[in-house]
Amino acid sequence: ASKFELAMQDGEIQVIQGGWAHRIVNESESPLRWIEIDVVPRLDPEHPICGLGGRSCTDGRFGKDLKGSYAFSTLFETETVKLRRLELEPGASLPDYRTEAGCLIVAPASRLDISRDIFGQGTAETHLRRGEAIWVNGGCVRGATNIGTDKVQFFTMEIR
């Protein structure tokens, strides 16, 4: 059996090609919490559209509304998956941002309290604790607003 050592910082993301048996051993003194996402359609990290050692992803945006700042950027994209990092200050809203496919929303390091516009259906609130995730069909975080009291960072993984 091969051994692959990986050191990561809190909130860091790693993409590892799957398809093999594996186990995780925590060699630190602190408790380990991680989120593992196994993508059923082939992720194909060797052939990125952007990110993952390919050309940089350039669709990132940042700005400020009347209540605070926001930022989002694509970390990587392949034919089957698009991973984005989003940040919202308390009260801040994203500009109209929508996905066609369903997506996974993951709160990696803090509580996530957002209100989302659901295209043609009004709004819905999403409340996730650190390490929780939720699957959303289409319209992933359209017009999302941070309704919590702290700045939040979260990820969306659009799976086509």
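**Salt bridges, sheet and surface patch in a predicted model**

Arg111 is partly exposed, with 44% relative accessible area. The model described here is predicted. Asp113 counts as buried, because its relative accessibility is 12%, and buried means under 20%. The side chains of these two residues, Arg111 and Asp113, meet in a salt bridge, with N and O 3.0 Å apart. A network also appears: salt bridges with shared partners join Asp59, Glu77, Lys82 and Arg84. In general, side chains of opposite charge can pair when their charged atoms come close.

The count of salt bridges comes to six. Two of the pairs are described next, and Asp59 takes part in each. In one, Asp59 bridges to Lys82, and the closest N and O atoms are 3.5 Å apart. This pair links distant parts of the chain: Asp59 sits in the segment before β1, Lys82 sits in strand β3, and 23 residues separate them. In the other, Asp59 bridges to Arg84, with the closest N and O atoms 3.2 Å apart. Asp59 lies in the segment before β1 and Arg84 in strand β3, so this salt bridge ties together parts that are 25 residues apart in sequence.

How accessible are the residues of these two pairs? Asp59 is partly exposed, at 27% relative accessible area. Lys82 counts as buried, with a relative accessibility of 13%. Arg84 also counts as buried, at 8%.

Strand β3, which holds Lys82, belongs to an open sheet of six strands. The strand order is β1-β2-β3-β9-β4-β7, and the pairing is antiparallel. Strands β1 and β7 (133-136) stand at the edges. Each has a single partner strand, so one side of each is left without a neighbour in the sheet. From one strand to the next, the twist averages 20°. Within the sheet, strand β2 (residues 69-77) pairs with strand β3 (residues 81-88). Their pairing is antiparallel and runs over seven bridges. Tyr70 has Leu88, in β3, as its bridge partner.

Turning to the surface, Phe4, Leu6 and Met8 make a nonpolar patch of about 310 Å². Leu6 belongs to the segment before β1 (61-64). That segment also holds Asp59. Leu6 is partly exposed, with a relative accessible area of 39%. This value fits a place in the patch, because patch residues need over 30% relative accessible area.

Notes
Residues numbered from 1 in each chain as written. Predicted model: local features only at pLDDT ≥ 70, side-chain atom pairs only at ≥ 80, totals over all residues. Heavy atoms only, no water. Patch = residues over 30% accessible without salt bridge, like charges linked within 9 Å, V, L, I, M, F, W, Y side chains within 5 Å. Areas by Shrake-Rupley, 256 points an atom, 1.4 Å probe, with all protein chains shown as cover. Salt bridge = Lys/Arg side-chain N within 4 Å of Asp/Glu carboxyl O. Helix = DSSP H or I, 4+ residues; strand = E, 2+ residues; numbered from the N terminus. Buried < 20%, exposed > 50% of the residue type's maximum accessible area, 1.4 Å probe, protein only. Pairing = 2+ DSSP bridges. Axes fitted to C-alpha atoms, helices over the stretch in contact; angles between N-to-C directions.
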